Amino acid sequence: MAHDILIVDDEPDIRALIEGILSDEGYDTRVAQNSDAALTAFRARRPSLVILDIWLQNSRLDGLGILEAMQRDDASVPVVMISGHGTIETAVQAIQQGAYDFIEKPFKSDRLLLIAERALEAARLKREVSELKLRAGAETELLGASPQIAQLRGAIERVAPTGSRVLIAGPAGAGKEVAARMIHAKSRRAAEPFVALNCATLNPARFEEELFGVEAGADAQAAPRRAGVLERAHGGTLLLDEVADMPLETQGKIVRALQEQGFERVGGATRVKVDVRVIATTNRDLAAEIAGGRFREDLFYRLAVVPLRVPALRERREDVPVLARHFMARSAETSGVPARELSEDVLAAMQAYDWPGNVRQLRNLVDWLLIMAPGGAGEPIRPEMLPPEVGSAAPAALKLDRSSEIMTLPLREARELFERQYLEAQLLRFGGNISRTANFVGMERSALHRKLKFLGVQAEDKAAPA
């Protein structure tokens, strides 16, 4: 989307000149001739950049006063100062107050465009650094080769560029926020802010302040204006994480805000216009929530323009190895500890576990194994090093104490016992899918069917989703 630039100058010719130069380069522009008009425009919709004259005739505040007010409202918006009567002292003062740069009149159009481009790029990089600090380790890619994840990635590729609102359902810890970030990263808003509001952890009394912000009090120094997440996400994406936890009263207000693309700050009367793409997530059955009167039906239909679902980890067990190895590499890099190999037996045991906490639980387990598993850095992690709740789910073929039972059996029975346990473990790893199991163990599909029938192993042939 085009950047929105606010031009503040008391001379109509200068405003028209700057507006023409910027419009020719594809920027959207707005103009103001004095401080009141400038601050009203700034507060109604956050611009991407402000070009501000220092000396303004018939204005309550001069350019430095306007700069100070804008910095109080939102210091993330870059401001370029211009003046035909500039001095070194004035330029230094403007930059000390937070201006990005200073241009003297008359200026060449090439210089104006270069500084505007640099200011916008600096603001973008600042936002990215700020988000990285706040959201260290945030994932923006869904890993795995399972049909469920491949299907979800395909849906994200289709919906991301459209700008449609998306409702992502799925159990806690499955990767709904990762899917939301992936949508943002592949959208036309990727260079703009991604702001997340966790509705499940927020105090209900503070919802509206966090969403809409707070207007300044009578003493702006003591009670300054505070932007809410809708305002901070202007031009980008707002994630309403676990939206079913939003209070009903607030749900009604967000419906109106989505409909009008605008709102009023708490304690204020000025309408603030925003351009925000909203993505929502939920781990609840919203149809049941609507039937129980806990969620507004009109909000559901505004959010669920494109519904997506992230599967539980137990529904895509074949993705566990690639996820576990990825988390091991990430954890080692973050902690500065050498990564450890995860043995095939450990990966099979992990695939057999149901993961009630989903991908988040797997990541936490890998972090724990890197730090707490016995042995040196060069020693692979074995099944006996797993926590009891995970290790107990390991297939019998992976448990060392089975060797004593096998040693008491004739060769044929011992071989059948091993084959039964081995194939049960592999079927579990591949979610009962006969074709994938056959491919992994190196057998023809029909031969595997016969072997399972001979060994008395019950198996449903679960086909991959279309």
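This dialogue walks through features of a predicted model.

Q: Where should I start, and how many salt bridges does the structure hold?
A: Start with the general idea. Side chains of opposite charge can pair when their charged atoms come close. The structure holds 36 salt bridges.

Q: Which side chain meets Lys105 in a salt bridge?
A: That of Glu11, at 3.7 Å from N to O. Lys105 sits in the loop between β5 (101-104) and α5 (109-134), and Glu11 in the loop between β1 (4-8) and α1, so the pair ties together parts that are 94 residues apart in sequence.

Q: Is Lys105 buried or exposed?
A: Read the relative accessible area. Under 20% means buried, and over 50% means exposed. Lys105 has 17%, so Lys105 is buried. Its partner Glu11 has 38%, which counts as partly exposed.

Q: What joins Lys105 and Pro106?
A: A cis peptide bond. The angle to read is omega, which is about -10 degrees here. Pro106 belongs to the loop between β5 and α5.

Q: Which residue forms a salt bridge with Arg206?
A: Glu210 does. The closest N and O atoms are 2.5 Å apart. Arg206 is partly exposed, at 37% relative accessibility. Glu210 is buried, at 14%.

Q: What does Glu208 pair with?
A: Its side chain meets that of Lys253 in a salt bridge, 2.9 Å from N to O. This pair links distant parts of the chain. Lys253 is in helix α10 (residues 248-260), Glu208 is in helix α8 (residues 207-212), and they are 45 residues apart. Lys253 is partly exposed, with a relative accessible area of 36%. Glu208 is buried, with 19%.

Q: Which residues are linked in a network of salt bridges?
A: Arg46, Asp74, Glu215, Glu231 and Arg265. Read them as a linked group, not as a lone pair.

Q: Which residues gather in a patch of negative charge on the surface?
A: Asp24, Glu25, Asp110 and Glu117. Such a patch takes in residues with over 30% relative accessible area and no salt bridge. Take Asp24 as a case. Asp24 is part of helix α1 (residues 12-24). Asp24 is exposed, with a relative accessible area of 67%.

Q: Which residues make a nonpolar surface patch?
A: Trp368, Ile371 and Met372 make one of about 340 Å². Here the side chains are nonpolar rather than charged. Met372 is in helix α15 (residues 358-372).

Q: What feature does UniProt place at Asp53?
A: A record adds a label to a position. The UniProt entry, which is unreviewed, gives "modified residue: 4-aspartylphosphate" at Asp53. An annotation may be inferred rather than shown by experiment. In the model, Asp53 falls in strand β3 (residues 49-53). Asp53 counts as buried, at 2% relative accessibility.

Q: Which phi value does Asn58 have?
A: Look at the sign and at the residue type. Asn58 has a positive phi of about 55 degrees, although it is not a glycine. Asn58 is in the loop between β3 and α3 (63-73). Asn58 is exposed, at 76% relative accessibility.

Q: Where does Glu242 lie, and is it buried or exposed?
A: Glu242 lies in the loop between β8 (237-241) and α10. Glu242 is buried, with a relative accessible area of 10%. Its phi is positive too, near 55 degrees, and Glu242 is a residue other than glycine.

Q: What separates the C-alpha atoms of Gly267 and Val214?
A: Put two readings side by side: distance along the chain and distance in space. Gly267 and Val214 are 53 residues apart along the chain, and their C-alpha atoms are separated by 6.3 Å. Gly267 is in the loop between β9 (262-264) and β10 (271-273). Gly267 is exposed, at 76% relative accessibility.

Q: How do the C-alpha atoms of Gly442 and Ile14 read?
A: They are separated by 76 Å, with the two positions 428 residues apart along the chain. Gly442 is in the loop between α19 (434-441) and α20 (445-455). Gly442 is exposed, with a relative accessible area of 65%.

How values were computed:
Residues are numbered from 1 along each chain as its sequence is written. This is a predicted model: local features need pLDDT of at least 70, side-chain atom pairs count only at pLDDT 80 or more; totals for chains, interfaces and linings use all residues. Side-chain values use heavy atoms; hydrogens and water are left out. Patches are made of residues with over 30% relative accessible area and no salt bridge: like charges are joined within 9 Å, nonpolar side chains (Val, Leu, Ile, Met, Phe, Trp, Tyr) within 5 Å. Accessible areas come from the Shrake-Rupley method with a 1.4 Å probe; for residues, only the protein chains shown count as cover. A salt bridge is a side-chain nitrogen of Lys or Arg within 4 Å of a carboxyl oxygen of Asp or Glu. Lys and Arg count as positive and Asp and Glu as negative; His and the chain ends are not counted. The place of a charge is taken as NZ of Lys, CZ of Arg, CG of Asp or CD of Glu. Helices (H or I, at least four residues) and strands (E, at least two) are DSSP runs, numbered from the N terminus. Buried means under 20% relative accessible area, exposed over 50%, partly exposed in between (1.4 Å probe, protein chains only).
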